[in-house]
Amino acid sequence: MSAVTVNTESPFQTAALDRHGYIFGQKIAASLSPQFHQTIFDDLGWRWEQFRLDSADIQSFLRLLQDPKCFGASVTMPNKVAIMEHLDEMTEECREVGACNTIYFGPAEDAVAGAGRRRLYGTNTDVVGVRESFYQNIADPDGVFHDRPAMVIGGGGAARSAVYALWKWMRATRIYLVNRDRSEVDAVIRECSAKGYGDSLVHVASVEQAEALEAPGAIVACVPDFPPKTPEEKTARGVIETFLKKERKGAILEMCYNPSPYTELGSIAEREGWKVILGTEAMIWQGFEQSKLWTNLELKDLPVTKCKTVIAAKVSETQARL
């Protein structure tokens, strides 16, 4: 049986590169991912580059991945779920969260027998980004968030990643869910329950309910930086502020960093005495996890300090323009 001929012609200038990859999604012009990974590639002295592929065309993307020089891809909205049915293998994190944000290839880059194509491996490094944002920035996890309730604000894909990280690694006793849309919360609870980790989830829908609950130790906010306007949004903000005002404090990861990681919610939390972790931290630590998969290097071999400096400078530059 002859090998399948796959069109891998790239719309980008890849000829001068040894390897290349993509960030595949829409509205990605402001993404810091290409600059982050370029800092790593340049430090290693490698002629590698990650290109922005602003698209939702799965089939064209799959063809590009078949280029032997392609090292893999970041996958972002709206493609994180749609890509999963095309993966040959996926990690536990990818399967349990129900979304793929990283595609990589096995060490041998083996081909499916008789198919003449590269096998696609998928994972979800967003969960690692959430986990490491806390463990890299909180010196005393036992005193701050271990064995305490946690809280997730939002009901989308990032919220699902946060729930998984808090449940899997961060020793949350319960996870409060706060969101303006009850149906989204119901969907998160239903999906997590089906996968075996929904029993600890609690929808907190009113200020009165929040007042009666123990303060969370870790909060992950997964919503855009917009002031509340609708009654549902104002109720959700009231719930959040009730928790923030409780006597015992903790740490909050504010996942929103575009256009700025300095958000209204982060400012409120800081004023109430919480440790605020910027959303760029989640991007950085999930990015290192991606890089380990693509380069086959360990974290100790990557320019951690340099990457942090580059991202901080980019944030300052963006902040100055606002």
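**A chat about a predicted model**

Q: Which residues line the largest cavity?
A: In this predicted model, the largest cavity is lined by Glu-96, Val-97, Arg-160, Val-188, Glu-191, Cys-192, Lys-195 and Tyr-197.

Q: And what volume does the largest cavity have?
A: Its volume is about 30 Å³, and the count of cavities of 30 Å³ or more comes to one.

Q: Which element gives the largest share of that lining?
A: That is helix α7, which supplies three residues of the lining, while α3, spanning residues 92-97, is also an element that supplies at least two.

Q: Okay, switching to the sheet, in what order do the strands come?
A: The open sheet has six strands, and going across it you meet β2, β1, β3, β5, β6 and then β4, with mixed pairing. Because β2 (48-54) and β4 (89-90) each have a single partner strand, they stand at the edges, and one side of each is left without a neighbour in the sheet.

Q: How many bridges join β4 to β6?
A: There are two bridges between them, and β4 and β6 (residues 121-123) run parallel. If you want a particular pair to look at, Met-90 has Gly-122 in β6 as its bridge partner.

Q: Which strands does helix α1 lie across?
A: Helix α1, made of residues 33-44, lies across β1 (19-25), β2 and β3 (70-75), and its direction is at about 170 degrees to that of β2. Helix α2 (residues 58-65) packs on the sheet as well, where it touches β1, β2, β3 and β5 (102-104), and it makes an angle of about 150 degrees with β3.

Q: Let's pick one residue in β1, say Phe-24: is it buried or exposed?
A: Phe-24, which sits in strand β1, counts as buried because its relative accessibility is 0%, and buried means under 20%. Leaving out residues up to four places away in sequence, Phe-24 touches a list of residues that includes Leu-53, Ile-58, Phe-61 and Val-75.

Q: How far apart are Phe-24 and Ile-40?
A: They are 16 residues apart in sequence, and from C-alpha to C-alpha they are 19 Å apart in space.

Q: What about Thr-39, which residues does it touch?
A: Thr-39 belongs to helix α1, and beyond residues up to four places away in sequence it touches Pro-303, Lys-306, Cys-307 and Val-310. With a relative accessible area of 11%, Thr-39 is buried.

Q: Now the largest nonpolar core: which residues touch the most other members?
A: This core has 33 residues, and those touching the most other members are Phe-134, Val-152, Val-163, Leu-166, Ile-175, Leu-177 and Val-220. Among the elements that give two or more residues to this core are α4 (126-135), β7 (150-153) and β8 (175-178), but α6 gives the most, with six residues.

Q: Can I zoom in, and ask what Ile-175 is in contact with?
A: Setting aside neighbours within four places in sequence, Ile-175 is in contact with Ala-150, Val-152, Val-163, Leu-166, Trp-167, Ser-200, Leu-201 and Val-202. Apart from this core lies another one of 21 residues, including Phe-51, Leu-53, Met-84 and Ile-103.

Q: Last topic, the backbone: where is the cis peptide bond at Pro-78?
A: The cis bond runs from Met-77 to Pro-78, with omega near 10 degrees, and Pro-78 is in the loop between β3 and β4.

Q: And which phi does Lys-27 have?
A: Lys-27 has a positive phi of about 55 degrees although it is not a glycine. Lys-27 lies in the loop between β1 and α1, and with a relative accessible area of 84% it is exposed.

Definitions and conventions. Residues are numbered from 1 along each chain as its sequence is written. This is a predicted model: local features need pLDDT of at least 70, side-chain atom pairs count only at pLDDT 80 or more; totals for chains, interfaces and linings use all residues. Side-chain values use heavy atoms; hydrogens and water are left out. Two strands pair if DSSP finds at least two bridges between them. Helices (H or I, at least four residues) and strands (E, at least two) are DSSP runs, numbered from the N terminus. Contact means heavy atoms within 4.5 Å. Axes are lines fitted to C-alpha atoms, for helices over the stretch in contact, and angles run from 0 to 180 degrees between N-to-C directions. A nonpolar core is a set of buried Ala, Val, Leu, Ile, Met, Phe, Trp, Tyr and Cys residues joined through side-chain atoms within 4.5 Å. Buried means under 20% relative accessible area, exposed over 50%, partly exposed in between (1.4 Å probe, protein chains only). On a 1 Å grid over the protein atoms alone, a cavity is a set of points where a 1.4 Å probe fits but cannot get out, and a pocket is an open set with protein on both sides within 12 Å along at least five of seven lines; lining residues have an atom within 4 Å of a point. Grid points are joined across faces, edges and corners, and a volume is the space filled by probe spheres set on the points.
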